[in-house]
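User: Could you pick one spot in this model and take me through it slowly, then work outward to whatever surrounds it? Keep it relaxed, but give me the numbers.

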Amino acid sequence: MRTALLLIDVINDMEFQGSESLVRLAEAMAKNLRALKRRARAAGIPTIYINDNFGKWQSDFRATVAYCMKKSVPGHKVAKMLKPDAKDYFVLKPKQSAFFGTTLDTLLKDLRTKRVILTGIAGDNCVLFSANDAYMRDLKLHIPSDCVASNTEAENQYALQLMKKVVKADIRPSTALGLESFA
């Protein structure tokens, strides 16, 4: 069963009022996600960044990455830890779901993907919407609990439990995933 690692909205400026909690939680999550990405690469699992276009239909993902890595931007540490490299794919999304109005379906079919590891920001919003859409496409779901962040820990835990129950997601921590058997 071919697998893909999806990083949702991790390249994010997090510039909104009250973002301090999300920034703190996302920085801790990013360390786990960086390690998971390295393990996925070693196992031959492709990485796909799915990011908001921030309402700009002329967005350039490289410009977004560069902007989000500026020290003056609240999300700069996360962006630096999770900066995409030349082997990574990226998809621009107009709404919460990684699937809605994007080329993700086509890319996953081209990669012959049957299982996705969903990670990113925010667990109670974009990751949740993406999990629902992945489930409706009959994709097997892994959503490592230590690789998802929301505005609060309580909101994150609620979303993870909901995804476990409703979309049958495996929410074990990233260290419990045997990626070698996923490729």
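Analyst: Let's start with Asp9, which is found in the loop between β1 and α1; bear in mind that the model is predicted. Asp9 has a relative accessible area of 2%, and since the cut-off for buried is under 20%, Asp9 counts as buried. The backbone deserves a look too: Asp9 isn't a glycine, yet its phi is positive, at about 55 degrees. For context, most residues other than glycine have a negative phi, and most peptide bonds are trans.

Stay in that loop and you'll find Gln17 there as well. Gln17 is exposed, at 83% relative accessible area, while Asp9 is buried. Gln17 and Asn151 are 134 residues apart along the chain, with 12 Å between their C-alpha atoms.

Now to strand β4, where Gly120 lies. Gly120 is buried, with a relative accessibility of 0%. Setting aside neighbours within four places in sequence, Gly120 touches Ile8, Val10, Met29, Val127, Cys147, Val148 and Ala149. Ile8 and Val10 are the residues on either side of our starting point in numbering, so to speak, and they are among those contacts of Gly120. If you want a distance to check, the C-alpha atoms of Gly120 and Ala40 are 15 Å apart, with 80 residues along the chain between the positions.

Carry on along the chain and the backbone does something else: the peptide bond from Ile121 to Ala122 is cis, with omega near -10 degrees. Ala122 belongs to the loop between β4 and α5.

That brings us to helix α5, residues 126-136. Its buried residues are Cys126, Val127, Leu128, Ser130, Ala131, Asp133 and Ala134. The spacing of such a list is easier to read with the helix repeat in mind: an α-helix has 3.6 residues a turn, so residues three or four places apart point the same way. The cover over the buried residues of α5 includes the strands β1 (2-8), β3 (89-93), β4 (113-121), β5 (140-142) and β6 (148-149), along with helix α6 (153-166). Val127, one of the buried residues of α5, is also one of the contacts of Gly120. Just past the end of α5, Asp138 has a positive phi of about 65 degrees.

Helix α6 holds Asn156, which is buried at 2% relative accessibility. Leaving out residues up to four places away in sequence, Asn156 is in contact with Gly123, Ser145, Val148, Ala149 and Ser150. Val148 and Ala149 turn up again here, having already appeared on the contact list of Gly120. In the segment after α6 comes Lys168, another non-glycine residue with a positive phi, about 60 degrees. Lys168 is exposed at 56%, in contrast to buried Asp9.

Last stop, the charges. Side chains of opposite charge can pair when their charged atoms come close. The count here comes to eight salt bridges. One of them joins Lys93 and Asp52, whose closest N and O atoms are 2.6 Å apart. Lys93 sits in strand β3 and Asp52 in strand β2 (residues 47-52), so this pair ties together parts 41 residues apart in sequence. Lys93 is buried at 0%, whereas Asp52 is partly exposed at 23%.

Arg137 pairs with Asp105, with a closest N to O distance of 2.7 Å. That pair runs from the loop between α5 and β5, home of Arg137, to Asp105 in helix α4 (residues 104-110), a separation of 32 residues. Arg137 is partly exposed at 33%, and Asp105 is partly exposed at 25%.

Then there's Asp85 with Lys37, where the closest N and O atoms are 3.8 Å apart. Asp85 is in the loop between α3 and β3, Lys37 is in helix α1, and 48 residues separate them. Asp85 is partly exposed at 35%, while Lys37 is buried at 9%. These two belong to a salt-bridge network that also takes in Arg41 and Asp88.

Some lysines do something else: Lys31, Lys71, Lys77 and Lys80 gather in a surface patch of positive charge. Of those, Lys80 is found in helix α3 (residues 76-81) and is partly exposed at 41%.

Terms used: Residues are numbered from 1 along each chain as its sequence is written. This is a predicted model: local features need pLDDT of at least 70, side-chain atom pairs count only at pLDDT 80 or more; totals for chains, interfaces and linings use all residues. Side-chain values use heavy atoms; hydrogens and water are left out. Buried means under 20% relative accessible area, exposed over 50%, partly exposed in between (1.4 Å probe, protein chains only). Helices (H or I, at least four residues) and strands (E, at least two) are DSSP runs, numbered from the N terminus. Contact means heavy atoms within 4.5 Å. Patches are made of residues with over 30% relative accessible area and no salt bridge: like charges are joined within 9 Å, nonpolar side chains (Val, Leu, Ile, Met, Phe, Trp, Tyr) within 5 Å. Accessible areas come from the Shrake-Rupley method with a 1.4 Å probe; for residues, only the protein chains shown count as cover. A salt bridge is a side-chain nitrogen of Lys or Arg within 4 Å of a carboxyl oxygen of Asp or Glu. Lys and Arg count as positive and Asp and Glu as negative; His and the chain ends are not counted. The place of a charge is taken as NZ of Lys, CZ of Arg, CG of Asp or CD of Glu.
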